[in-house]
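Here is a short, friendly tour of the protein you have open. Take a moment to turn the model around, then read on.

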Amino acid sequence: MESVSNYIDHTNLSQTATQLDIKNLCKEAIENDFSSVCVNPVFVPLAADILNNENPKVCTVVGFPLGADSSEMKFAESRYLIHRGAQELDMVINISALKDGNTSLIQSEIEKVVDAADGNCVKVIIETCLLSNEEIKLASKITVASGADFVKTSTGFSFAGARKKDVQLIRKTIGPKIGVKASGGVKTLADLKKMIQAGANRIGTSNAISIINE
């Protein structure tokens, strides 16, 4: 299962997560060689301390879960979190701006987060369940143009998560240039394999332990 483990961002973004929960998340990530742990911003210093000199990266979220913060706020949050030990940033785009056709704002905010990340990995959450196919393609193209590392399907907090058809559409749109992260609703090994076959090369899930134990 090692190869499957390497795809996984071991995730706990629960509002009720405790320090003990995050410590256990990090311990499981080390034991199973997951790609990263994905935690809320408040837990970045704790995760960074535990995962110091370990393989799993510290991933956190920016503008989460609605994406309804200003570009300046997203930049400031990103820069702060990188300084606190984050190594990967999963940012939510301004979906309202995308709906308004304000593509320059979307590109600007992603570029700001990429700048704030200082060379660290940036994944751009486009919340596919809220978008038309044309909007998915547009958001994916902007992500590539903005210098980010991944297009990510979902927050997992909207009415639907990752869908195979959306992953396929993103991959077809961006080609092999950058990564695709499928997240939200990936609960079984079959789900995970379906997303990888569709073109994802990173999986965000809070069900990682049960998946690798299948």
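## Around the core

In this predicted model, Ile 93 is in contact with Leu 66, Gly 67, Lys 74, Leu 98, Ile 106, Glu 109, Ile 110, Val 124, Ile 125, Ile 126 and Ala 139, leaving aside residues up to four places away in sequence. One of these partners, Ile 126, shares a distinction with Ile 93: within the largest nonpolar core, which has 60 residues, these two touch the most other members. In soluble globular proteins, nonpolar side chains tend to be buried together.

## The overall fold

Let us step back to the whole chain. The protein has ten helices and eight strands. Its radius of gyration is 16 Å, close to the 17 Å that the globule rule gives for 214 residues, so the protein is as compact as a globular protein of that length. Along the principal axes, the C-alpha atoms fill a box of roughly 45 × 35 × 30 Å.

Buried residues account for 52% of the 214 residues. The protein exposes about 9,400 Å², and carbon and sulfur atoms supply 48% of that area. Contacts also reach far along the sequence: among those between residues at least 6 apart, 67% join residues at least 24 apart.

## Salt bridges

The count of salt bridges comes to 15. Three of them are set out here.

| Pair | Closest N to O distance |
|---|---|
| Lys 181 and Asp 9 | 2.8 Å |
| Lys 152 and Asp 90 | 2.9 Å |
| Glu 134 and Lys 137 | 2.9 Å |

Where do Lys 181 and Asp 9 sit along the chain? The salt bridge between Lys 181 and Asp 9 links distant parts of the chain, with Lys 181 in strand β7 (residues 179-183) and Asp 9 in strand β1 (residues 8-12), 172 residues apart. Lys 181 has a relative accessible area of 1% and is therefore buried, given that buried means under 20%. Asp 9 is buried as well, with a relative accessible area of 0%.

Next come Lys 152 and Asp 90, which form a salt bridge of their own. Lys 152 belongs to strand β6 (residues 150-152) and Asp 90 to strand β4 (residues 88-92), so this pair ties together parts that are 62 residues apart in sequence. Both Lys 152 and Asp 90 are buried.

These two pairs belong to a wider arrangement: Asp 9, Glu 88, Asp 90, Lys 123, Lys 152, Lys 181 and Arg 202 are linked in a network of salt bridges.

The pair Glu 134 and Lys 137 lies within a helix. Because they are three residues apart in helix α7 (residues 133-145), Glu 134 and Lys 137 are separated by about one helical turn. Glu 134 counts as exposed, at 56% relative accessibility, while Lys 137 is partly exposed, with a relative accessible area of 26%.

## A serine in a loop

Is Ser 154 buried or exposed? Ser 154 lies in the loop between β6 and α8 (164-174), and with a relative accessible area of 0% it is buried. A polar atom of the Ser 154 side chain lies 3.4 Å from the backbone nitrogen of Ala 162. Setting aside residues up to four places away in sequence, Ser 154 touches Ile 125, Glu 127, Thr 128, Ala 160, Gly 161, Ala 162 and Ser 183. Among these partners of Ser 154 is Ile 125, which Ile 93 touches too.

Technical notes: Residues numbered from 1 in each chain as written. Predicted model: local features only at pLDDT ≥ 70, side-chain atom pairs only at ≥ 80, totals over all residues. Heavy atoms only, no water. Salt bridge = Lys/Arg side-chain N within 4 Å of Asp/Glu carboxyl O. Helix = DSSP H or I, 4+ residues; strand = E, 2+ residues; numbered from the N terminus. Buried < 20%, exposed > 50% of the residue type's maximum accessible area, 1.4 Å probe, protein only. Core = buried A, V, L, I, M, F, W, Y, C linked by side-chain atoms within 4.5 Å. Contact = heavy atoms within 4.5 Å. Rg over C-alpha atoms; globule rule 2.2 N^0.38 Å. Areas by Shrake-Rupley, 256 points an atom, 1.4 Å probe, with all protein chains shown as cover. Polar contact = N/O pair within 3.5 Å; in protein donor to acceptor, adjacent residues only side chain to side chain.
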